[in-house]
Amino acid sequence: AEQALAIQLEDAQASIEAERVHILSTVIGSDGMSMTSLAFLNVNATLRGHFAAKLLRHAVNEGGKLPAILNTLKQGNMTRMNIDLRGISAQCLQCQPNLLTNLPRTVKTLVLRLSDADINTLWLGEGLKMNS
């Protein structure tokens with residue numbers, strides 16, 4: 001799963017080159033003639049960010065890969081994120097870096113799922129208001 005953090009969409013393969021170009025053009029919103037490296041950088045960052053968000057809960061529990069996952073998350077271009085931290089103990093969260101400082105600046109909507117009643121909200125970031 002961590003291989004997804006290094007995905008390069010432009011390296012995708014297809015049996016027919018014209019189909020590969022068409023598929024990649026569609027994904028990046030290009031006419032096929034102007035597939036720029038900047039367009040791929042943006043799409044790759046978004047894909048990696050989504051994968052990082054899904055790997056976050058496991059990384060918080062395991063600890064080891066968390067810095068790389070948070071770095072990838074921060075570089076994503078997502079406008080909406082769903083992060084599921086259910087089942088993670090408050091003690092485990094308290095020894096981790098601040099989550100909100102590692103969200104992409106493009107995020108407009110954040111759905112954060114928590115279940116442990118004594119989670120330290122300072123871990124999430126200052127100014128976060130939780131609905132009860």
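1. Glu17 is a reasonable place to begin reading this predicted model, and with a relative accessible area of 48% the residue is partly exposed. Its side chain meets that of Arg20 in a salt bridge, with 3.1 Å from N to O. Arg20, by contrast, is buried, at a relative accessible area of 19%, which falls under the 20% that marks a buried residue. Both residues belong to helix H1, which covers residues 17-28, and they stand 3 residues apart, or about one turn of the helix.

2. It helps to set this pair within the whole chain. The protein chain holds 5 helices and 2 strands, and when it is read along the sequence these elements follow the pattern α-α-α-β-α-β-α. Of the 132 residues in the protein chain, 35% are buried. If one takes the contacts between residues at least 6 apart in sequence, 71% of them join residues at least 24 apart.

3. How many salt bridges does a search of the whole structure find? The search finds 3, and the pair in helix H1, Glu17 with Arg20, is one of them. Another is formed by the side chains of Arg57 and Asp84, at 3.7 Å from N to O. This pair links distant parts of the chain, since Arg57 lies in helix H2 and Asp84 in strand E1, 27 residues apart. Asp84 also meets the side chain of Arg86 in a salt bridge, here at 2.8 Å from N to O, and Arg57, Asp84 and Arg86 are thereby linked in a network of salt bridges. Each member of the network counts as partly exposed: Arg57 has a relative accessibility of 35%, Asp84 has 21% and Arg86 has 40%.

4. Arg48 deserves a separate point. This residue is found in helix H2, residues 37-62, and although it is buried it has no salt bridge. Why does Arg48 have no salt bridge? The nearest side chain of opposite charge, that of Glu10, is 6.2 Å away, whereas a salt bridge requires the nitrogen and the carboxyl oxygen to be within 4 Å. The side chain of Arg48 does have other polar partners, however: one of its polar atoms lies 2.6 Å from the backbone oxygen of Ile7, and the side chain also makes a polar contact with the side chain of Gln8, at 3.5 Å. Leaving out residues up to four places away in sequence, Arg48 touches Ala4, Leu5, Ala6, Ile7, Gln8 and Thr72.

5. Thr72, the last residue in that list of contacts, leads to helix H3, which runs over residues 66-75 and whose buried residues are Leu66, Ile69, Leu70, Thr72 and Leu73. They cover an arc of only 160° around the axis, and therefore they lie on the same side of H3. What do the buried residues of H3 pack against? Their partners are H2 and strand E1, residues 80-84.

6. The nonpolar residues can be considered next. In soluble globular proteins, nonpolar side chains tend to be buried together. In this model the largest nonpolar core has 19 residues, and those with the most contacts inside it are Leu56, Ile69, Leu73, Met81, Ile83 and Leu99. H2, H3 and E1 each supply at least two residues of this core, and H2 gives the most, with 6 residues. Leu56 shows how such contacts reach across the sequence: when residues up to four places away are not counted, Leu56 touches Leu66, Ile69, Leu70, Ile83, Leu85 and Leu99. Apart from this core lies another, of 6 residues, among them Leu24, Ile28, Ala39 and Phe40.

7. A last point concerns a residue in a loop. Is Asn102 buried or exposed? At 14% relative accessibility, Asn102 counts as buried, and its place in the chain is the loop between helix H4 (90-94) and strand E2 (109-113). Leaving aside its neighbours within four places in sequence, Asn102 is in contact with Leu70, Leu73 and Lys74. Of these partners, Leu70 and Leu73 are among the buried residues of helix H3, and Leu73 is also one of the residues with the most contacts inside the largest nonpolar core.

Definitions and conventions:
Residues numbered from 1 in each chain as written. Predicted model: local features only at pLDDT ≥ 70, side-chain atom pairs only at ≥ 80, totals over all residues. Heavy atoms only, no water. Helix = DSSP H or I, 4+ residues; strand = E, 2+ residues; numbered from the N terminus. Buried < 20%, exposed > 50% of the residue type's maximum accessible area, 1.4 Å probe, protein only. Lys, Arg positive; Asp, Glu negative; His and termini not counted. Polar contact = N/O pair within 3.5 Å; in protein donor to acceptor, adjacent residues only side chain to side chain. Contact = heavy atoms within 4.5 Å. Arc of directions from axis to C-beta. Core = buried A, V, L, I, M, F, W, Y, C linked by side-chain atoms within 4.5 Å.
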